[in-house]
Amino acid sequence: MAADSDPESEVFEITDFTTASEWERFISRVEEVLNDWKLIGCRVGKPPEKGEYTSGSWEETCLEINFADFKFSITHHCLKQESAESEGRDEPEEDAYPLAMQDLLCMNNDFPPRAHCLVRWFGMREFVVISPGTNCEAIVSESKCNLLLSSVSIALANTGCHVPLFVQIQQKWRRMFAGECQGPGVRSDFEIVHLRKVPSQYNHLSGLLDIFKNKIGCPLMPLPPINIAIRFTYVLQDWQQCSWPQQPPDFDALLTGEVGGVEFGKLPFGACEDPISELHLATTWPNLTEGIVVDNDVYSDLDPLQAPHWSVRVRKADNPQCLLGEFLMEFFKLCCRKETTEEILGRNSVEEEGKENSDITQALSKLTEPASVPIHKLSVSNMVHSARKRIRRHRRVEESPLNNDVLNSILLYLFPDAALDKTDTSDVKSTQHNPGAKTEPDKDSEDYHLYNQLKSSPSESLTYRLALCICMVNFHHGGVRAVAHLWQEFVLEMRYRWENNCLIYGLASGPPDLRCCLLHQKLQMLNCCIERKRARDDGRKNAASDGSRDKSRPGPENPGAATGPEGNTGKSWDSWSDSEEEFFECLSDTEEMKEAETDNEKKTANKSKAEGRLQPHGKLTLLNSQEPLYIPVTQEPAPMTEDLLEEQSEVLAKLGTSAEGAHLRARMQSACLLSDMESFKAANPGCSLEDFVRWYSPRDYVEEEVSDETGQMVIRGDLSARMKIPGNMWVEAWETAKATPARRQKRLFDDTKEAEKVLHYLSVQKASDLTRHLLPCVLHAALLKIKEEESTEDIPSVRKAVQQLTAHASKLLRHPSPDFKKLEDVINQTSAVEAVVARARSLKAKFGITKGEREEDGDELERFVSLLLEEPEVSVVGAGRGPAGSIIHKLFVSSQRLADSSDEGFLMDVEAALLAPMEEETGRSGGTDDRKAVPDFPPPAGREILLRTCVPRPAPYSKALPQRLFCVLMRDEFRLAGAFSSDTSFF
């Protein structure tokens, strides 16, 4: 008693049982998720339709939950059924079974070809899975598995959820699940057995039936009938009896020995190997009973030829080697090369030797340096030809990357006019728009305008053909060194054409097309320079032919030479410098000499002599006189490429928003306006600004009816409000403009300087820069090639993929600096589309579909092949007796006989097995015993057996509930997935 009364001897330990444990928190979290997803209560829906598990869309919702510090992922899988939500939801039955238990007996979706493994094994349309997190260890121990299953059972009971809940256990690759589904007075337990080898006593239907009967333990006698569904899968891997559909190389062409041989301007296409690796034949017996079929260790009635249902799927080769994809990828790899052309070629062909400099880019600088040699030997042409000779002399020491024959053939393909007289413009213009093509392209077609979307170049242009040649040279003739060699020759050809006034073949006339790639714009700019130079030279020749008449008085109007300079300047135009300032000063000196002759002639010319008239402007007359208003001959505006426009925009933007900056910006932009005003004044002596506005900007001349002094309505006009703003740029330019015809004005476009800028730009391009410029053209050509090949096969999925590829590539290529990783994805997608076309051709060859011969069942076979490309699994009409089934049967028989001959060593029978007609083999009454012993089909690679019944469990007086067992028997796998229901009210 003393000890009990001692306060120090008493120990108080208080345990707070109201604090939730980690296990209880985990259960509570699962219940919260089920409530948030609205999975509580009875769910009503109509039975799924046949094939809906494959054709329908599945929804997945995923969240993360924790059990202490262990992460789990909980995922809800559900088949979307729109009509199920509105039917029968208002009046659910109180004792209705959960949908999952109803689905256990549904036969509409047995063996779905594409579905979650739990859907295939248990046939459910909705379920929830709890699995370990991404970096968490697997649930292996039995105690942890039981703890999770207890959590699941408590959560389902607390919430009243009728959706089955699974827990993933063991290693993930084993696909082991344990689960439970609870309903009003019923429960289904989901169990899985997984072994590496099939036990011998369960290697047939009779053994599996014994397992199923023992598991359900039905006390009723006789046992209710068991529904059986069986599927055997046979794999065909040997395609030696089928021809390879890829086109053989053209040994007569320039490029010999290459698979799918290519020609200049044509991309290769097709697979180097068979893109179909395996054919899987599934023979199905969908609805059997135990007494109808016999399958045991001694005998089996399951003959694949007698199966009522056949379905086929093809297994695609992993990343088949495709020619077009390889071409594109090898070309794309050049984007990563940083070397210059000289570094790639391995020789310094532009170094100084002695006093001479062979650098082409410094040719103009060389002209201005002091020299002891005559001036005529220091021309641009001599410097370029000297450099070209040194380059070629250097190449004799080292072997050129490109063979001379190949190089000459490529250059002749790029420049077909090289075989003609390059100065003959009629021959050039006649073929300018259709180089090397057999037929004129349809410029109204969608394919022709594809270059607008991809920002490449027209399919008949020089840039397009150059891209194809660069791509081919890179793949077949030495890689990046050959590309650098070809590009160097191309640049030399461009300079030759500029110096000799030869138009560039394969480029449309006119200013650069900003819808095309920058390289195409540069070539068009060079072509514009050549056109202007030729026009100026022609005008000079015409002026020189007039001779003394031009010196005594102004010559007659010559619109064809209006853009050229005046011919009586007294000096050769070849001696003028390319500087704008010097050119303008010399032109001013000429005008001063003319003014010094007679002041009277000058005044008379200003008043009465009009120059540079093109044609009358309708019936309009000058406002201050009755003279007709003439449209003047004007200078064409300077053509510009997109990079020059961007530079100009940056310069104008840097001027700022101040008044002075705005005024300077306006003056910079009014050079063309001032030139047109001077031309207008020269063509219309005595004109006013209002006359110019009526022609140049009619909207700024406002006419209205007013009444005059006599009361009659007359039309009077005046300048618009913006033209009357003080300090208007038009008024200022009009006051400073002189009456000068276009041919005596300062050139708005200095073709010599612009041409040298383009040539320098081309000469400094690296292999990587060239690849970036030409990549849109190569992708353009690839898409056209795919469209061409698809048109013969008629594959809807390919047409849709090409449209998506075009839209994706268009967005990427129009960006100033495209993402190369995304461009690589586009190339990979292009290769994947190419593989689809190759698979279609492979399947057509295997099923005997040819273009020349059309059999009675050709249309059905074509539909069958088309579905094989689109669908995961295709049913065979007529099973083994239909047209497709008979061909598949022959393929298996040929493969079996070939394999048997190889195994037994009968090598001499291989040719006979392949060449003998199948009708003779199958219909032959006699033959050797060995030939008869060879089965038509190999042993099945996989066997799937589905057993279903509805029996009371666990007691005879319990409710009759669905029971299901799905069995998978393979060489290295044995799996049993069972769903066993029991009555929780009467047990």
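In this predicted model, the buried residues of helix α8 are Leu323, Leu324, Gly325, Phe327, Leu328, Met329, Phe331 and Phe332. Helix α8, which spans residues 323-332, is thus mostly covered, with eight of its 10 residues buried. The cover over these buried residues is supplied by elements that include α15 (462-476), α27 (767-791) and α29 (820-846). In general, an α-helix has 3.6 residues a turn, so residues three or four places apart point the same way.

The chain to which this helix belongs contains 34 helices and 17 strands. Of its 987 residues, 47% are buried, and the area that the chain exposes comes to about 51400 Å², of which carbon and sulfur atoms supply 50%. When contacts between residues at least 6 apart in sequence are considered, 74% of them are found to join residues at least 24 apart.

A search of the whole structure for enclosed space returned nine cavities of 30 Å³ or more. The second largest cavity holds about 90 Å³ of space, and its lining is made up of Arg43, Pro98, Leu99, Ala100, Asp103, Met124, Arg125, Glu126, His162, Val163 and Pro164. Helix α4 (residues 99-103) contributes three residues, the largest share of the lining of this second largest cavity. By residue class, the lining of the second largest cavity comprises six nonpolar residues, one polar residue and four charged residues; the charged residues are Arg43, Asp103, Arg125 and Glu126, while the polar residue is His162.

The confidence of the prediction varies along the chain, and the description above is to be read with this in view. The mean pLDDT of the chain is 78, with 75% of its residues reaching 70 or more. Confidence is highest in strand β4 (residues 165-169), at a mean of 95, and lowest in helix α19 (residues 580-597), at a mean of 39. Two further stretches may be noted for their confidence values. Over residues 422-439 pLDDT stays under 50, and the model has 28 contacts beyond four places in sequence for this stretch. Over residues 914-931 pLDDT likewise stays under 50, and here the model has 11 contacts beyond four places in sequence.

Note on methods:
Residues are numbered from 1 along each chain as its sequence is written. This is a predicted model: local features need pLDDT of at least 70, side-chain atom pairs count only at pLDDT 80 or more; totals for chains, interfaces and linings use all residues. Side-chain values use heavy atoms; hydrogens and water are left out. Buried means under 20% relative accessible area, exposed over 50%, partly exposed in between (1.4 Å probe, protein chains only). Helices (H or I, at least four residues) and strands (E, at least two) are DSSP runs, numbered from the N terminus. Contact means heavy atoms within 4.5 Å. On a 1 Å grid over the protein atoms alone, a cavity is a set of points where a 1.4 Å probe fits but cannot get out, and a pocket is an open set with protein on both sides within 12 Å along at least five of seven lines; lining residues have an atom within 4 Å of a point. Grid points are joined across faces, edges and corners, and a volume is the space filled by probe spheres set on the points. pLDDT is the predictor's confidence in each residue, from 0 to 100. Accessible areas come from the Shrake-Rupley method with a 1.4 Å probe; for residues, only the protein chains shown count as cover.
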